[in-house]
Amino acid sequence: MIDTEALSCQELVELVTDYLEEALEERDLRAFEAHLAHCDGCAEYLEQMRTTIRVVGTLTPNDLTQAAETVLLQAFRTWKRSS
Amino acid sequence: MLPDDELVAALRAGNEQAFAAVVREWHAGLTRVARIFTPTRAVADEVVQETWLRVLGALDRFEGRSSLKTWVFRILVNTAKTRAQREGRSIPFSALHDPARVPEAAVDPERFLPDDHPHHPGGWESPPRELPEDRLIAGETREVIERAIEALPANQRAVISLRDVEGWSSDEVRNALDLSEVNQRVLLHRARARVRQALEDYLAPEST
């Protein structure tokens with residue numbers, strides 16, 4: 001790992017989401033990418049955050065139970081009749 | 001999903017299929033947001049049900065100044081708050097609105113060299129351990145992630161669930177939860193950082 005100016009590893013990890021959301025200002029973005037180019041630990045950290053997002057994305061959203069859906073559709077019919 | 005104006009027209013016309021579709025589509029997101037304000041999953045489910053009844057009651061007054069989705073989520077938040085007040089529960093608003101007040105490191109500070117280190121202040125002392133790709137998609141890994149998300153503070157849980165599980169945009173999340181752009185990112189960052197740590201602990205435990 002080469003010492004990179006301005007941004008330490010500890011500071012870089014706090015900017016990862018801003019980086020992925022494209023919310024870094026030009027100056028910070030340059031420092032971020034310069035640091036990353038020379039730092040295996042931070043490159044791995046960024047990669048793992050990307051992995052985390054990808055794997056979280058494979059979770060199944062909570063499903064609506066059949067019972068709850070029936071109640072809501074019944075309410076919708078009642079509402080329709082009364083309006 | 002239909003565009004908003006067509007969707008609203010279909011609902012007003014009593015189109016049951018359109019109603020069922022929108023209820024299914026937003027159910028997971030509504031439940032996750034309701035969980036911020038409710039003590040149990042069961043109460044959250046009731047709040048979601050009550051929200052839809054209120055939505056139907058107010059649909060004729062919907063003017064389309066916001067998207068239908070944003071409007072429905074606002075009704076949800078109000079319903080949940082009203083219910084919490086009625087039941088004498090306190091609501092974690094300060095936590096929702098100003099997460100930056102309480103600092104939280106993405107990575108344990110112990111894993112970095114001290115600030116006065118001669119060669120590499122703030123550099124990695126214990127860099128992230130590589131995650132074995134083949135185990136990432138295993139069922140048990142998923143359970144680890146589910147548990148890690150469940151263990152998050154409610155506001156972080158809501159943001160990561162909506163962004164990364166449900167795939168909402170940051171604007172949709174900001175509107176639904178009434179968060180600033182910065183706070184949305186702070187909460188998302190902390191949530192992802194904690195889930196990443198849980199993955200590392202599980203898949204690449206520290207050798208002792």
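Helices here are DSSP runs of at least four residues, numbered from the N terminus. With that convention in hand, a good place to start in this predicted model is the end of one such helix in chain B: just after H4(B), Gly88(B) adopts a positive phi of about 70 degrees.

H4(B) itself repays a closer look. The helix covers residues 68-86 of chain B. Its 19 residues, at 1.5 Å a residue, should span 27 Å, and because the end C-alpha atoms lie 27 Å apart, expectation and model agree. Several nonpolar side chains of H4(B) belong to buried residues, among them Leu68(B), Trp71(B), Val72(B), Phe73(B), Ile75(B), Leu76(B) and Val77(B). Lys69(B), Thr79(B) and Ala80(B) also count as buried. The partners against which the buried residues of H4(B) pack are helix H1 (4-12), H2, H3 and helix H9 (170-177) of chain B.

Turning to the chain as a whole, chain B contains 10 helices and zero strands, so the order of elements from the N terminus reads α-α-α-α-α-α-α-α-α-α. Its C-alpha atoms fill a box of roughly 70 × 40 × 30 Å along the principal axes. Chain B has 208 residues, of which 37% are buried. When contacts in chain B between residues at least 6 apart in sequence are considered, 66% of them link residues at least 24 apart.

Chain B is assigned two stretches as domains, with domain 1 at 4-86 and domain 2 at 94-203. The centres of these domains of chain B, taken over C-alpha atoms, are separated by 28 Å. Where they meet, nine residues of domain 1 of chain B are in contact with 12 residues of domain 2 of chain B. On the domain 1 side, helix H2 (16-37) and helix H4 (68-86) of chain B each supply at least two residues, and H2(B) gives the largest share, six residues. By class, this side of domain 1 of chain B has four nonpolar, two polar and three charged residues.

The contact between the two chains takes 46 residues from chain B and 37 residues from chain A. On the side of chain B that touches chain A, at least two residues come from each of H2, helix H3 (41-58), helix H7 (139-150), helix H8 (154-165) and helix H10 (181-203). That side of chain B comprises 23 nonpolar, 11 polar and 12 charged residues. H2(B) thus appears in both settings, supplying residues to the side of domain 1 that touches domain 2 and to the side of chain B that touches chain A.

Definitions and conventions
Residues numbered from 1 in each chain as written. Chains lettered and ligands numbered in written order. Predicted model: local features only at pLDDT ≥ 70, side-chain atom pairs only at ≥ 80, totals over all residues. Domains from an automatic or database assignment. Contact = placed C-beta atoms within 7 Å. Buried ≥ 20, exposed ≤ 12 C-beta atoms within 10 Å, placed from the backbone. Expected span 1.5 Å × (residues − 1).
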